[in-house]
Every structure is written in structure tokens, then in C-alpha cells.
Amino acid sequence: MAKNKNLIYIAISIIAFIVLAFLYSTPVFTGKQLFQHDIVQYRGGAKELIDYRADTGKETYWSDSMFGGMPTYQMGSRFTGDIIKNIDSALNFFPRPVNYIFMLFAGFFLLGMVAVRNWKYALLGATFFGLSTYFYIAIAAGHNGKINTIEYFAPLLAGILLVYIRKQYIWGFIVTTLFMGLQIAANHPQMTYYLFLALGFLFLSELIRAIQKKTPMKHFLISSGIIAASCMIGVGMNSQRIMANSEYVKETVRGKQILTNDSHTGGNSGMDKESMLMWSYGKLETLNLFIPRLMGGGSQEPEGKEMMNRVQELVQENVGSQAEMDRISKGFGSLTYWGDQPGTSGPAYQGAIVCFLALLGFFFAWKKYRYWILGATVLTIFLAWGSNFMALSDFFIDFVPFYNKFRAPSSILVVVELLFPLIAIIGLYRFFKDSELTTEYKQKILLYVGGGTLGFVLILLIFGKSLLGFHTENEKTYLPPFLLDYLTEERFKLFRIDALKAFIYVAIAAGVLFMVLKQKLNQNIALVIIGVVSLFDLWTVNKRYLNDDNYVDKIFAENPFQTESSDLMAEKVQGNPNLEPILANVNVNKTLETIAEKDKTHYRVFNNILGTFSETNTSYFKSSIGGYHAVKLRRYDDVINEYFQIMDSVKVPNILNLLNAKYLVLGGPEQPQAIPNPKANGNAWFVSDLKFVESPNQEIKSIGVIDSKKTAVIASSDKKYFDGKVVQPDATAFINLTKYQPNELEFKSQSKTPQLAVFSEIYYPHGWKFFIDEKEVPYIKADYLLRAVHVPAGNHNIRMVFEPEVIEKGKWISLICFGLFILLSGAGIYFIYRKKGKGEVLIKEE
């Protein structure tokens with residue numbers, strides 16, 4: 001009977017999660033969809049991939065849409081052996097973002113049930129975790145892969161705790177393997193990596209407990225073996241994706257450096273430290289886990305408009321010279337954010353009550369949870385400081401495997417956002433339920449932690465201006481006193497509101513717990529009060545960053561690259577900052593559409609209006625010189641940094657010719673101009689003059705000054721390619737593209753002499769195969785980032801096709817691992833029920 005009652009409460013909790021998720025996302029009821037910046041960029045960059053899939057029913061793992069061409073592994077490609085991804089899609093069947101919010105709730109509920117085995121605390125913890133503000137900021141930005149990964153944090157940890165703590169080996173294996181597989185399928189390795197840094201503390205904690213004989217060493221070894229097997233099978237189910245990305249990442253900005261310069265040395269792996277640590281949390285800024293506007297909110301908060309109006313008034317009233325205006329402009333940044341990061345969409349707010357209960361949890365929770373959670377929390381906070389704690393950051397970058405593959409260390413705070421709710425509900429459970437904790441101990445800790453927390457907030461309210469400053473060093477240097485004083489006062493007002501709220505919320509929670517101790521309040525009522533106040537707190541803060549303004553009509557969400565404007569569109573766009581770029585870019589999009597319709601051959605477009613290397617409007621209509629992607633191929637990124645950071649009027653056109661930029665889009669958004677580039681090299685050309693150079697630095701320098709139609713720059717390491725191969729000029733020779741698909745190109749060539757054919761296609765050493773008259777031949781890299789092949793004299797058919805071997809190998813490994821998971825899970829469940837059945841027979845016989 002009790003079991004059935006518990007199942008009813010669990011079902012009610014699940015329904016509550018669905019209701020809360022939909023209530024937060026009410027615009028979905030009217031058919032509106034989220035407008036997410038990164039998803040808009042994805043739609044443009046993946047257009048060629050999506051069109052190819054729709055036209056052929058097949059998958060292309062290469063696309064020419066962005067950056068001259070790149071693999072699609074990180075652009076939404078589908079893998080045929082990816083059964084686990086289908087399970088992920090089934091679990092996320094609700095409309096976005098309802099699916100993410102529900103899964104965040106439900107996943108932590110499972111963790112809570114494992115940790116404390118009580119639905120009330122699991123339900124409370126689910127709201128603590130599922131309403132963490134950072135998640136809603138990420139959803140608004142379109143970081144869907146990140147949130148998709150985070151939603152499996154809690155259930156994966158639940159599976160591991162089932163094995164280590166609950167000794168439920170079979171169910172623990174099933175849950176751990178399933179959610180490990182789902183987490184990898186969500187495809188955000190950085191988030192998974194950070195989670196496993198924290199789980200390392202759990203492993204060490206269990207090892208120490210076994211050494212201290214608080215748990216049997218046999219159990220530790222069996223549990224560790226089961227978890228290792230689970231993780232290996234979970235990873236194995238994603239072998240196609242992992243193997244492809246592993247091969248790809250070595251050739252990207254996350255792989256080895258090629259060039260040697262002031263910021264890095266050729267051969268070193270990973271990104272340069274400056275890029276890695278750019279988004280580092282300030283040490284004091286970490287306190288916005290507790291007070292959201294401690295350092296302001298996002299760089300663009302609604303209050304900023306009113307502040308800007310007043311700033312303009314003050315400038316007009318007080319500034320009398322252009323020199324003073326120039327000085328002020330140097331000091332200006334964001335009005336509503338004054339932390340250490342270059343900018344931010346909002347704070348990693350965890351909730352005042354959640355942080356307070358987490359502090360209590362470090363005193364009340366069982367030691368088997370307390371110490372590893374504390375260790376993981378401290379480490380992740382220190383790592384989030386990045387450039388503000390270089391001793392630790394340097395150590396991890398230099399000595400901890402793979403850490404240097406990831407940027408934005410501030411995002412590691414997702415670990416804290418998982419562990420704080422967990423330690424909070426465990427501590428709360430023991431506070432209410434565990435008789436081992438004496439009333440005197442509870443009262444003492446509650447007094448110290450509660451009083452200390454409230455006192456800390458009061459100190460910030462009284463002395464905050466001197467302690468926190470409410471300005472950046474740059475502002476202090478360049479802004480005159482009348483502006484600095486105004487900003488300080490307005491920012492303090494923003495902070496004071498949130499600080500007062502934090503004080504009230506903590507006071508309510510502490511008061512409720514104290515009343516329970518004095519037996520003046522029922523425990524269930526106390527849980528309800530804590531849950532409602534925390535829900536209100538997090539809900540209202542989250543609505544600053546993800547609200548009804550983030551939803552737009554379906555037509556804008558699904559086709560943000562509009563080419564026609566109208567009064568109706570202007571009416572819908574008016575006042576919505578998310579949609580204003582759509583209207584502003586209509587003329588540019590129309591120009592791109594016209595180019596693509598009039599000239600259907602294969603070429604690239606250089607768009608210098610929208611920000612060449614931060615937009616995918618161009619890619620939506622035609623192959624682009626630019627694009628928007630965090631994991632570009634290293635060689636292409638090197639060329640961008642070498643030539644496009646400083647727009648040399650001679651060298652940049654040479655590079656554009658090399659990349660077959662047949663059209664340039666110049667001017668402004670209102671009157672864009674499509675300028676044909678008659679000097680573009682075309683899709684392929686013959687050269688007979690070879691310039692061998694000794695280093696990559698010489699390669700990249702040379703391509704900006706040579707006549708690339710006549711000369712190819714070849715690395716000296718490729719000299720042996722020409723052993724026995726003669727290259728001679730022929731003024732009448734030609735090579736023409738006859739067929740184009742993103743993963744297969746065909747050319748016809750004619751020459752009286754042997755030639756080197758250079759293709760305006762980006763060099764990638766894995767998966768591309770060259771065939772001359774259907775006989776496979778080797779090819780090399782030319783001009784630092786292009787493909788080239790030696791072509792004998794005569795008439796020939798040349799074909800290049802992208803057939804990466806890792807896709808087929810990974811497919812079979814994925815299928816085998818998934819089959820193994822099903823087989824072992826089925827055998828385990830059979831064993832459980834068989835054992836249970838025997839137990840029931842024995843009871844009946846007795």
C-alpha cells in the first residue's frame with residue numbers, strides 16, 4: 001500500500017514538472033517559438049546540409065557553406081548508428097524550451113530519490129536545480145547542446161550513487177549506462193568534462209572510505225568496475241560521433257598550433273591561454289550565485305536604456321570638448337554589468353535560499369556526501385576564476401589532459417549548480433529526519449550559518465559602495481566624477497534591491513527552520529514555504545533573461561533570413577530587439593538571394609557588411625568566405641587572423657581570389673552592393689611554378705603576395721610527392737568543374753603536359769579521396785589551406801569524394817555497444833525478478 005502511495009506521489013511530481021515547464025513557457029500555447037541567436041546562426045550554417053538531406057535522403061559529412069568548407073560533425077549531422085540519439089529525441093518530445101525545463105526537473109528528481117529516498121525532498125531539489133538562472137540564460141542564447149547535456153547530469157550521478165551508495169549494482173549499471181550514453185549524445189564535451197572533474201572527488205571519497213574500512217574494499221572495487229564498464233559502453237554507443245569529432249578536433253583551433261608567433265608555438269596543443277581564459281569569473285563575482293546583481297546582471301539589461309538616456313543628458317550638460325568626449329568613450333562599457341568578464345548575458349544565480357541551505361548542508365549532510373561535494377565545489381569555483389587564479393589555471397592547462405581544449409572557464413559553475421541543490425536537500429532531509437543530529441547542534445549551526453549569512457548581506461548593504469565599488473578599473477580611469485558617481489549610485493540601487501530580497505528570503509528560510517526546531521511549525525508546511533519562496537525567487541530572476549519577448553511567430557523562428565519587408569513585418573518586429581536584425585538585414589538577404597538565383601555555379605561570396613566571420617546569412621543563400629562557428633579548422637582560422645584582421649588592399653584580394661570569392665557584398669545594410677570579382681581563381685586551375693618553403697609561417701606569408709594562378713606554395717615536406725612527377729607549363733590547358741555536391745566534386749581537364757591542379761577546396765587530411773579516371777591517387781596540400789593533385793598530360797576526369805572511414809567503423813562499434821547494453825540490462829532485470837520470485841516462493845513455503 002505504501003509503495004503504491006509513493007508511486008502516486010511520484011506521478012504527481014512528474015505532472016507538476018510538466019505544468020511548471022509549460023507555465024514558464026506559455027507562448028508555446030499560441031504556436032510561438034523561441035528565437036535563439038545561436039540557433040539562427042545554425043540555420044544559416046547548416047542550410048546546405050539540410051537541403052542535401054532533404055533532396056537525397058542521405059547525409060553529407062562535409063559542407064561548403066562556411067569558412068570555405070568544413071566537416072559537418074559539429075553542424076547537426078546525423079549518424080546512422082546513433083540509436084541513443086533517437087532515445088534522446090524521444091525524451092525531449094515537448095516543444096522547446098518546455099522539453100529542457102521538464103528534463104532538468106525530472107532528472108534531478110531521480111537523483112533526489114536516490115540520495116534521500118523521499119519524494120518531497122526530491123521534488124524540492126528538482127525546483128532548486130531546474131530553475132538555476134544560468135540554464136535559462138543559455139536557453140535564451142540558443143546553447144541547446146549545452147542544456148541538453150546538463151539535463152543528463154543529475155540522472156547520470158543518480159546511477160553512479162545507486163552503485164556506490166545504494167549498492168544497487170544492476171539498476172545502477174542500467175541508469176549509469178543509459179544516461180552516460182545520452183549525455184555524450186547531447187554533444188557538449190566541455191560540460192561532460194567538467195562534470196567528470198567533479199565526479200573524480202566522488203571516486204576519491206569512496207576510495208578513502210574503503211581504505212578507512214567504512215565500506216568494504218570489495219564493494220568499492222566492484223562498484224568502480226561497474227561504473228567504468230557503464231561509462232565505456234555509454235561512450236561506445238556514441239562511437240560514430242566521438243571518433244569523427246576526435247579526428248576532426250585535431251585539425252581545428254582546439255588542436256595543435258601550426259604557426260609560431262608571439263602568442264603560441266607551433267606544435268603546442270589547444271587554444272592559446274588568452275582565448276581560453278577570456279571569460280573568467282571575478283572572485284567577488286562568484287557571490288552572484290547568492291545575489292544576482294552583485295556585479296550587475298547581463299551586459300544588456302532593460303534598466304540600461306533609462307541609464308543611457310540620463311548619461312547622454314549628463315554628457316551634454318557637462319562635456320565641452322571633443323578631447324573629453326574621446327576620453328569618456330574609452331571608459332564606456334556596459335551600464336548594467338561591471339564584472340571581470342568582457343561581457344555576459346546574465347549571472348550564474350543559484351538562489352539565495354539554495355545557497356543558504358547548501359551552506360547548512362555542509363554541516364548537516366552525511367559525510368559520504370559532504371566532503372566530495374565540498375571538494376568539487378571549491379575546485380570548480382577556483383577554476384571558474386580562470387585568469388584571476390593563474391596558478392591553478394596554468395597547472396590545469398599544462399598538466400591536466402584535455403583541459404586546454406575548452407574556453408570560457410566561467411561555465412564550469414554548472415557543477416556548483418548541480419551540487420548545491422543536492423547538498424541542500426540532503427542537509428535539509430537530515431535536519432528534519434535524522435535523530436543522530438541533536439536539537440542543540442541543529443540550533444547552533446542554524447544560528448551561526450543563518451546569522452552569518454544575514455550579517456554578511458547587511459555588511460554589503462551598509463558598506464557595499466566601498467567594498468564592491470560598482471565600477472570597473474577602466475571606468476575609474478577614464479570617466480569624469482559626475483558620470484562615475486551617477487553610475488555607482490544607479491548600480492548600487494540595482495544591487496540593493498536584489499540584496500534586500502536575498503536577506504528576506506534567507507530570513508524566511510532560517511525562521512521556518514527555527515520554528516520547526518521549536519515545534520511551532522509542521523515539517524511539511526516548512527517544506528512548502530521554502531519551496532514556494534525559492535520558486536518565486538528563481539522564477540522572477542529567470543524571467544529577466546528568458547521571457548515572453550524571447551518568443552516570436554513561427555515564420556521568424558524557422559526562417560530568420562527574410563528577403564522581403566512589409567508593414568505587417570515591421571509591426572511585428574517593432575520593439576522586439578531579437579527581431580530587429582531580421583528587418584535590418586532584409587536588403588542584404590535579398591542581395592544574396594539574387595546572386596544565388598542568377599548564378600547557380602559553385603563559388604563563394606565575401607560579405608563585408610554583416611561581420612564576415614560572425615554571421616551565417618550568407619551561408620543560408622550561398623557558400624561563404626565567412627561563417628559562425630566555435631570550432632573552425634585551424635588553417636582557415638590562421639588565414640583569417642593573418643589577413644582579415646588588417647584588411648590589406650593588396651593581400652586580402654589575393655586571398656579572396658584564392659578562395660574563389662566570385663562576388664563581394666559591400667556597402668551598408670540599407671544599400672548593399674553585389675560586386676562581381678572577375679579575378680577570382682575559379683574552382684580549380686593548373687600551375688607549373690612550384691614554390692617550396694621550409695615552414696608553415698613562410699607558407700602563409702607567401703600566399704598573400706604570389707600570383708596564385710601561376711604559382712603554388714608547397715611545404716618542403718611534400719617535395720617527395722613530386723618524385724617522378726614532372727610539372728610543365730601549357731598555356732592552353734584547362735580544368736573545369738562539371739559536378740558539385742558538398743561531398744563529391746567532378747572536374748574535366750585537358751593539358752598537353754603534366755600539371756599540378758590546385759582546387760579552391762579546403763584541405764582536410766581525413767576522408768577526402770581523389771580519383772583520376774576512377775583510379776585513386778594521392779593528393780597534397782597547397783597554398784597553406786587548399787588541395788592539390790598531380791595530373792598527367794591528356795584528357796582526364798578528376799573526382800574527389802568525402803568518405804571518412806571513421807563513420808563506418810564508428811557505426812558498428814556504436815551498434816555493438818548498444819546491443820551489449822540491451823543484452824546486459826535484460827539479463828540483469830531477469831536476474832532481479834528471478835531472485836525476487838524465488839524469495840516469494842520461500843516466503844510462501846514458510
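# Notebook: helix α31, some strands, two hollows, three residues

I started with the buried residues of α31, which are Val-652, Asn-654, Ile-655, Leu-656, Asn-657 and Leu-658. A reminder to myself: this is a predicted model.

**Entry 1, helix α31.** The helix runs over residues 651-658 and is mostly covered, with six of its eight residues buried. I then looked up what sits over those buried residues. The cover includes two elements I noted down straight away, α30 (634-644) and β5 (604-607). It also includes the strands β6 (661-667), β8 (684-687), β13 (755-762) and β17 (786-791). Past the helix I checked the backbone and found Asn-660 following α31 with a positive phi, near 55 degrees.

**Entry 2, strand β10.** How many residues of β10 are buried? I get five of the five in this strand (residues 711-715), so β10 is largely enclosed by the rest of the structure. I split the strand by face next. Thr-711, Val-713 and Ala-715 are on one side, Ala-712 and Ile-714 are on the other, and both faces are covered. For its pairing, I found β9 (residues 689-693) running parallel to β10 over five bridges. One register check: Lys-691 has Val-713 as its bridge partner in β10. That partner, Val-713, is one of the buried residues I had just listed.

**Entry 3, the β11/β12 hairpin.** Here the pairing is antiparallel, with β11 (residues 734-741) and β12 (residues 744-751) sharing seven bridges. The hairpin that joins β11 to β12 does it through two residues. For the register I picked Tyr-740, and its bridge partner in β12 is Leu-745.

**Entry 4, Val-801.** I stayed with the hairpin because I wanted to see what touches its turn region. Val-801 is found in strand β18 (residues 794-802). It counts as buried, at 6% relative accessibility. The C-alpha atoms of Val-801 and Asn-743 are 5.6 Å apart, although 58 residues separate them along the chain. With neighbours within four places in sequence left aside, Val-801 is in contact with Asn-743 and Glu-744. The other contacts on that list are Gly-767, Trp-768, Lys-769 and Phe-771.

**Entry 5, the cavity.** How many cavities of 30 Å³ or more does the structure hold? I count one. The largest cavity has about 40 Å³ of space. I wrote down its lining: Pro-292, Tyr-349, Asp-498, Lys-501, Tyr-505, Asp-537, Val-541 and Arg-544. By class that is four nonpolar and four charged residues, with no polar ones. Two helices, α23 (481-517) and α24 (523-542), each give at least two residues to this lining. The largest share, three residues, is from α23.

**Entry 6, Ser-534.** Since α24 had come up, I looked at a serine in that helix, Ser-534. Buried or exposed? Ser-534 is buried, with a relative accessible area of 2%. Apart from neighbours within four places in sequence, its contacts are Phe-128, Ile-353 and Val-354.

**Entry 7, the second largest pocket.** This one holds about 1,000 Å³ of space. Its lining has 27 residues, and the closest to the pocket centre are Ile-10, Leu-110, Met-113, Val-114 and Leu-162. What is the class make-up of the lining? I get 20 nonpolar, three polar and four charged residues. The helices that each supply at least two lining residues are α1 (2-24), α5 (98-116), α9 (153-164), α10 (169-185) and α33 (805-845). The largest share comes from α5, with eight residues.

**Entry 8, Ser-411.** Last lookup, and a loop residue this time. Ser-411 sits in the loop between α19 (390-399) and α20 (414-433). Despite the loop position, Ser-411 counts as buried, at 5% relative accessibility. I looked for a polar partner and found the backbone oxygen of Ala-408, 2.8 Å from a polar atom of the Ser-411 side chain. Not counting residues up to four places away in sequence, Ser-411 touches Tyr-134, Lys-146, Gln-190, Met-191 and Tyr-194.

Terms used. Residues are numbered from 1 along each chain as its sequence is written. This is a predicted model: local features need pLDDT of at least 70, side-chain atom pairs count only at pLDDT 80 or more; totals for chains, interfaces and linings use all residues. Side-chain values use heavy atoms; hydrogens and water are left out. Buried means under 20% relative accessible area, exposed over 50%, partly exposed in between (1.4 Å probe, protein chains only). A polar contact is a pair of N or O atoms within 3.5 Å; within protein, one must be able to donate a hydrogen and the other to accept it, and residues adjacent in sequence count only if both atoms are side-chain atoms. Contact means heavy atoms within 4.5 Å. On a 1 Å grid over the protein atoms alone, a cavity is a set of points where a 1.4 Å probe fits but cannot get out, and a pocket is an open set with protein on both sides within 12 Å along at least five of seven lines; lining residues have an atom within 4 Å of a point. Grid points are joined across faces, edges and corners, and a volume is the space filled by probe spheres set on the points. Ala, Val, Leu, Ile, Met, Phe, Trp, Tyr, Cys and Pro count as nonpolar, Asp, Glu, Lys and Arg as charged, and the others, Gly among them, as polar. Two strands pair if DSSP finds at least two bridges between them.
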